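Here are my notes on the model, set out as numbered points. Please read them with the structure open.

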Amino acid sequence: MNNEKQTFCQSCGMPLSAEILGTNADKSKNEEYCIYCYKDGAFTGDFTMEEMVEYCSMFVGEYNKNTGQSLTACQYKDVLRQYYPTLKRWNLPPDAIPHADNPKKKIFIEEVNALGIPGVKVDNLFVLQGSFINQPYIINGNEVKLLDDSETYWGTQIKKSDEQCYGIACCDEYILVSEYGKDGSDPKVVVLKKR
């Protein structure tokens, strides 16, 4: 029987496992934060607690699936507002918070904006798991996935219209911009640029 106590990210509250531990500036694993919140010794986003609540409320479906509940996004926000004050990040004095000034992120933002895609203007990127954003594209009649499920990417989603979104994924090798419908339906590659 496994008696290890479950630990949770001290920023977003998700359960921690070895695969999703954040990284310190020296690339060693950080035992307190997940990779989505903490990478290379800094937080990946300069959120206030309320902004973190708003961001994480988008994942209410995942929370419901894992807990067997059926909360609405508004109900989940209330849960997060009660939970987050117990986490370390939200109790740190402002001058003790390692701000999200990762130089790589800034470079990716500049490179995405330099692509000049109409409707694509990025001012922030987040760390996303490949398995979460790895869409199957139809290329030359074949179904192809372009990302690695086990890797993390700097990325974001930009709403194009009520029905369409752009998805951005950046890594050291390339930048991928895709367009898709509701819930990731019918994804198409807009730009795949080698870096």
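1. How many bridges join E5 to strand E8, and do the two run parallel or antiparallel? There are four bridges, and the strands, E8 covering residues 152-159, run antiparallel. The model is a predicted one. Two of the residue pairs can be named: Val127 has Trp154 of E8 as its bridge partner, and Phe126 is partnered by Gly155, also in E8.

2. Gly155 also has a bridge partner in E9, namely Ala169. The pairing of E8 with E9 is antiparallel and comprises six bridges. Five residues make the hairpin connection from E8 to E9.

3. These strands belong to an open sheet of five, in the order E5-E8-E9-E10-E11, and the pairing is antiparallel. Strand E5 (126-129) and E11 form the edges, each pairing on one side only. On average, neighbouring strands of the sheet are turned by 30 degrees against each other, direction ignored.

4. Which helix lies across E8, E9 and E10? Helix H4, residues 103-114, does, and its direction is at about 135 degrees to E9. Strand E9 spans 165-170 and strand E10 spans 174-180.

5. On the edge strand E11 (residues 188-194) sits Leu192. Leu192 has a relative accessibility of 45%, and therefore counts as partly exposed. Together with Ile139 and Val189, Leu192 makes a nonpolar surface patch of about 210 Å².

6. A further pair of strands is E6 (residues 136-139) and E7 (residues 142-145), antiparallel and joined by four bridges. Pro136 has Lys145 of E7 as its bridge partner. The hairpin of E6 and E7 has two residues between the strands, and Asn140 there takes a positive phi near 50 degrees.

7. Is Gln135, in the loop between helix H5 (130-133) and E6, buried or exposed? Gln135 counts as buried because its relative accessibility is 18%, and the cut-off for buried is under 20%. Beyond its neighbours within four places in sequence, Gln135 is in contact with Val144, Lys145, Tyr180, Gly184 and Pro187. One of these contacts, Lys145, is the residue that bridges to Pro136.

8. To check by eye, I suggest two places. One is the loop residue Gln135 with its contacts, including Tyr180 and Pro187. The other is the patch of Ile139, Val189 and Leu192.

Notes:
Residues are numbered from 1 along each chain as its sequence is written. This is a predicted model: local features need pLDDT of at least 70, side-chain atom pairs count only at pLDDT 80 or more; totals for chains, interfaces and linings use all residues. Side-chain values use heavy atoms; hydrogens and water are left out. Patches are made of residues with over 30% relative accessible area and no salt bridge: like charges are joined within 9 Å, nonpolar side chains (Val, Leu, Ile, Met, Phe, Trp, Tyr) within 5 Å. Accessible areas come from the Shrake-Rupley method with a 1.4 Å probe; for residues, only the protein chains shown count as cover. A salt bridge is a side-chain nitrogen of Lys or Arg within 4 Å of a carboxyl oxygen of Asp or Glu. Buried means under 20% relative accessible area, exposed over 50%, partly exposed in between (1.4 Å probe, protein chains only). Two strands pair if DSSP finds at least two bridges between them. Axes are lines fitted to C-alpha atoms, for helices over the stretch in contact, and angles run from 0 to 180 degrees between N-to-C directions. Contact means heavy atoms within 4.5 Å.
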